[in-house]
Amino acid sequence: MTTHSETRNLPYTARQMYDLVADVEDYPKFLPWCAAARIRSVTPEGDSSVMLADLVISFKVFRERFGSRVTLHPNDMQIDTEYLDGPFRYLKSNWAFRDVKGGCEVAFFVDFEFKNAMLQRIIGLVFNEAMQRVVRAFERRAAELYG
(Lines give C-alpha, C1' and ligand atoms only; values in the text may rest on other atoms or scores of the structure.)
Protein backbone atom coordinates (compact mmCIF):
# COMPACT_ATOMS: atom_id res chain seq x y z
CA MET A 1 0.00 0.00 0.00
CA THR A 2 1.39 3.37 -1.03
CA THR A 3 -0.39 6.52 0.13
CA HIS A 4 0.18 10.24 -0.10
CA SER A 5 -1.84 13.08 1.39
CA GLU A 6 -1.24 16.78 0.90
CA THR A 7 -3.15 20.01 1.55
CA ARG A 8 -2.19 23.29 -0.09
CA ASN A 9 -3.54 26.84 0.02
CA LEU A 10 -3.50 28.44 -3.43
CA PRO A 11 -4.40 31.94 -4.67
CA TYR A 12 -7.20 30.72 -6.95
CA THR A 13 -10.87 29.94 -6.40
CA ALA A 14 -11.99 26.47 -5.45
CA ARG A 15 -14.02 26.40 -8.70
CA GLN A 16 -10.93 27.20 -10.79
CA MET A 17 -8.93 24.40 -9.19
CA TYR A 18 -11.85 21.97 -9.40
CA ASP A 19 -12.23 22.73 -13.12
CA LEU A 20 -8.50 22.26 -13.69
CA VAL A 21 -8.39 18.84 -12.01
CA ALA A 22 -11.66 17.76 -13.69
CA ASP A 23 -10.20 18.50 -17.15
CA VAL A 24 -8.59 15.05 -17.49
CA GLU A 25 -8.20 15.39 -21.25
CA ASP A 26 -5.61 18.17 -20.74
CA TYR A 27 -3.39 16.16 -18.35
CA PRO A 28 -0.79 15.22 -21.03
CA LYS A 29 -0.12 18.95 -21.55
CA PHE A 30 1.30 19.44 -18.06
CA LEU A 31 1.40 16.34 -15.85
CA PRO A 32 4.74 14.55 -15.49
CA TRP A 33 4.72 10.99 -16.85
CA CYS A 34 1.26 11.39 -18.45
CA ALA A 35 1.77 10.56 -22.13
CA ALA A 36 -1.90 10.43 -23.21
CA ALA A 37 -5.47 10.77 -21.95
CA ARG A 38 -8.75 9.60 -23.44
CA ILE A 39 -12.29 10.10 -22.14
CA ARG A 40 -14.36 6.97 -22.80
CA SER A 41 -17.66 8.42 -21.59
CA VAL A 42 -19.31 10.92 -19.24
CA THR A 43 -22.62 9.94 -17.61
CA PRO A 44 -24.75 12.18 -15.35
CA GLU A 45 -25.66 10.63 -11.98
CA GLY A 46 -27.87 12.97 -9.99
CA ASP A 47 -25.85 16.05 -8.96
CA SER A 48 -22.65 14.33 -10.06
CA SER A 49 -21.24 12.90 -13.25
CA VAL A 50 -19.12 9.83 -13.84
CA MET A 51 -16.30 9.94 -16.34
CA LEU A 52 -14.60 6.79 -17.57
CA ALA A 53 -11.09 7.75 -18.64
CA ASP A 54 -7.84 6.15 -19.77
CA LEU A 55 -4.40 7.57 -19.00
CA VAL A 56 -1.10 6.39 -20.44
CA ILE A 57 1.69 6.72 -17.90
CA SER A 58 5.28 6.60 -19.13
CA PHE A 59 8.08 6.25 -16.57
CA LYS A 60 11.60 5.17 -17.60
CA VAL A 61 11.17 1.84 -19.43
CA PHE A 62 7.57 1.39 -18.29
CA ARG A 63 4.64 2.57 -20.40
CA GLU A 64 1.23 1.52 -19.09
CA ARG A 65 -2.38 2.40 -19.82
CA PHE A 66 -4.91 2.35 -17.04
CA GLY A 67 -8.60 3.04 -16.87
CA SER A 68 -10.37 4.84 -14.07
CA ARG A 69 -13.83 5.90 -12.97
CA VAL A 70 -13.76 9.57 -12.08
CA THR A 71 -16.74 10.84 -10.12
CA LEU A 72 -17.14 14.60 -10.37
CA HIS A 73 -19.09 16.27 -7.55
CA PRO A 74 -19.28 19.93 -8.67
CA ASN A 75 -21.63 21.03 -5.85
CA ASP A 76 -19.40 19.49 -3.16
CA MET A 77 -16.20 20.51 -5.00
CA GLN A 78 -14.80 16.97 -4.82
CA ILE A 79 -13.36 14.55 -7.36
CA ASP A 80 -13.06 10.85 -6.54
CA THR A 81 -11.15 8.38 -8.71
CA GLU A 82 -11.34 4.59 -8.65
CA TYR A 83 -9.26 2.16 -10.65
CA LEU A 84 -10.89 0.10 -13.41
CA ASP A 85 -8.14 -1.74 -15.30
CA GLY A 86 -4.42 -1.70 -16.03
CA PRO A 87 -1.18 -2.18 -14.06
CA PHE A 88 -2.52 -1.52 -10.56
CA ARG A 89 -3.79 -3.94 -7.96
CA TYR A 90 -5.91 -0.97 -6.79
CA LEU A 91 -5.93 2.81 -6.95
CA LYS A 92 -8.10 5.41 -5.24
CA SER A 93 -7.65 9.14 -5.11
CA ASN A 94 -9.60 12.12 -3.87
CA TRP A 95 -9.40 15.86 -4.48
CA ALA A 96 -11.35 18.32 -2.32
CA PHE A 97 -11.51 22.08 -2.89
CA ARG A 98 -12.69 24.76 -0.47
CA ASP A 99 -12.67 28.54 -0.76
CA VAL A 100 -10.71 30.22 2.03
CA LYS A 101 -9.60 33.80 2.61
CA GLY A 102 -7.15 34.73 -0.14
CA GLY A 103 -7.85 31.72 -2.35
CA CYS A 104 -8.69 28.09 -1.80
CA GLU A 105 -7.60 25.01 0.07
CA VAL A 106 -6.82 21.97 -2.08
CA ALA A 107 -6.64 18.58 -0.38
CA PHE A 108 -5.27 15.59 -2.32
CA PHE A 109 -5.11 11.93 -1.26
CA VAL A 110 -3.98 8.89 -3.25
CA ASP A 111 -3.65 5.22 -2.30
CA PHE A 112 -2.44 2.58 -4.76
CA GLU A 113 -0.44 -0.56 -5.35
CA PHE A 114 1.00 -1.86 -8.62
CA LYS A 115 0.49 -5.50 -9.65
CA ASN A 116 4.14 -5.62 -10.77
CA ALA A 117 6.30 -5.96 -7.63
CA MET A 118 9.38 -4.53 -9.35
CA LEU A 119 7.50 -1.43 -10.48
CA GLN A 120 6.01 -1.05 -6.99
CA ARG A 121 9.52 -1.15 -5.47
CA ILE A 122 10.85 1.41 -7.98
CA ILE A 123 7.91 3.77 -7.40
CA GLY A 124 8.15 3.22 -3.64
CA LEU A 125 11.64 4.73 -3.64
CA VAL A 126 10.51 7.99 -5.25
CA PHE A 127 6.79 7.96 -4.47
CA ASN A 128 6.46 11.01 -2.21
CA GLU A 129 8.65 13.09 -4.48
CA ALA A 130 6.64 11.92 -7.51
CA MET A 131 3.31 12.82 -5.88
CA GLN A 132 4.66 16.23 -4.86
CA ARG A 133 5.71 16.78 -8.49
CA VAL A 134 2.17 15.92 -9.62
CA VAL A 135 0.63 18.40 -7.17
CA ARG A 136 3.16 21.09 -8.20
CA ALA A 137 2.30 20.45 -11.86
CA PHE A 138 -1.34 21.33 -11.09
CA GLU A 139 -0.15 24.47 -9.28
CA ARG A 140 1.98 25.54 -12.27
CA ARG A 141 -0.91 24.86 -14.66
CA ALA A 142 -3.21 27.00 -12.49
CA ALA A 143 -0.67 29.84 -12.60
CA GLU A 144 -0.56 29.55 -16.41
CA LEU A 145 -4.35 29.54 -16.74
CA TYR A 146 -5.44 31.87 -13.93
CA GLY A 147 -2.33 33.76 -12.76
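The following paragraphs lead through the sheet, the helix packed on it, the cysteines and the internal cavities of this model.

The model is predicted, so local features need pLDDT of at least 70 and side-chain atom pairs count only at pLDDT 80 or more, while totals for chains, interfaces and linings use all residues. Residues are numbered from 1 along each chain as its sequence is written, and side-chain values use heavy atoms, without hydrogens and water.

Seven strands (DSSP runs of E, at least two residues, numbered from the N terminus) make up an open antiparallel sheet in the order β1-β7-β6-β5-β4-β3-β2, where pairing requires at least two DSSP bridges between two strands. Because β1 (2-10) and β2 (34-45) at the edges each have a single partner strand, one side of each is left without a neighbour in the sheet. The partner of β1 is β7 (residues 103-114), joined to β1 in the antiparallel sense over nine bridges, and F109 in β7 is the bridge partner of S5.

Helix α1 (residues 14-22) packs on this sheet, touching β1, β3, β4, β5, β6 and β7, with contact meaning heavy atoms within 4.5 Å.

A search of the whole structure for disulfides, meaning cysteine sulfur atoms within 2.5 Å, finds zero. C34 is buried at a relative accessible area of 8%, and C104 is buried at 0%, where buried means under 20% with a 1.4 Å probe and protein chains only.

The largest cavity holds about 710 Å³ of space. Of its 35 lining residues, the closest to its centre are L55, I57, F66, L91 and M131, and α2 gives the largest share of the lining, seven residues. A cavity here is a set of points on a 1 Å grid over the protein atoms alone where a 1.4 Å probe fits but cannot get out, and lining residues have an atom within 4 Å of a point; the volume is the space filled by probe spheres set on the points, which are joined across faces, edges and corners.

Key. Helices (H or I, at least four residues) and strands (E, at least two) are DSSP runs, numbered from the N terminus. Axes are lines fitted to C-alpha atoms, for helices over the stretch in contact, and angles run from 0 to 180 degrees between N-to-C directions. Buried means under 20% relative accessible area, exposed over 50%, partly exposed in between (1.4 Å probe, protein chains only). On a 1 Å grid over the protein atoms alone, a cavity is a set of points where a 1.4 Å probe fits but cannot get out, and a pocket is an open set with protein on both sides within 12 Å along at least five of seven lines; lining residues have an atom within 4 Å of a point.
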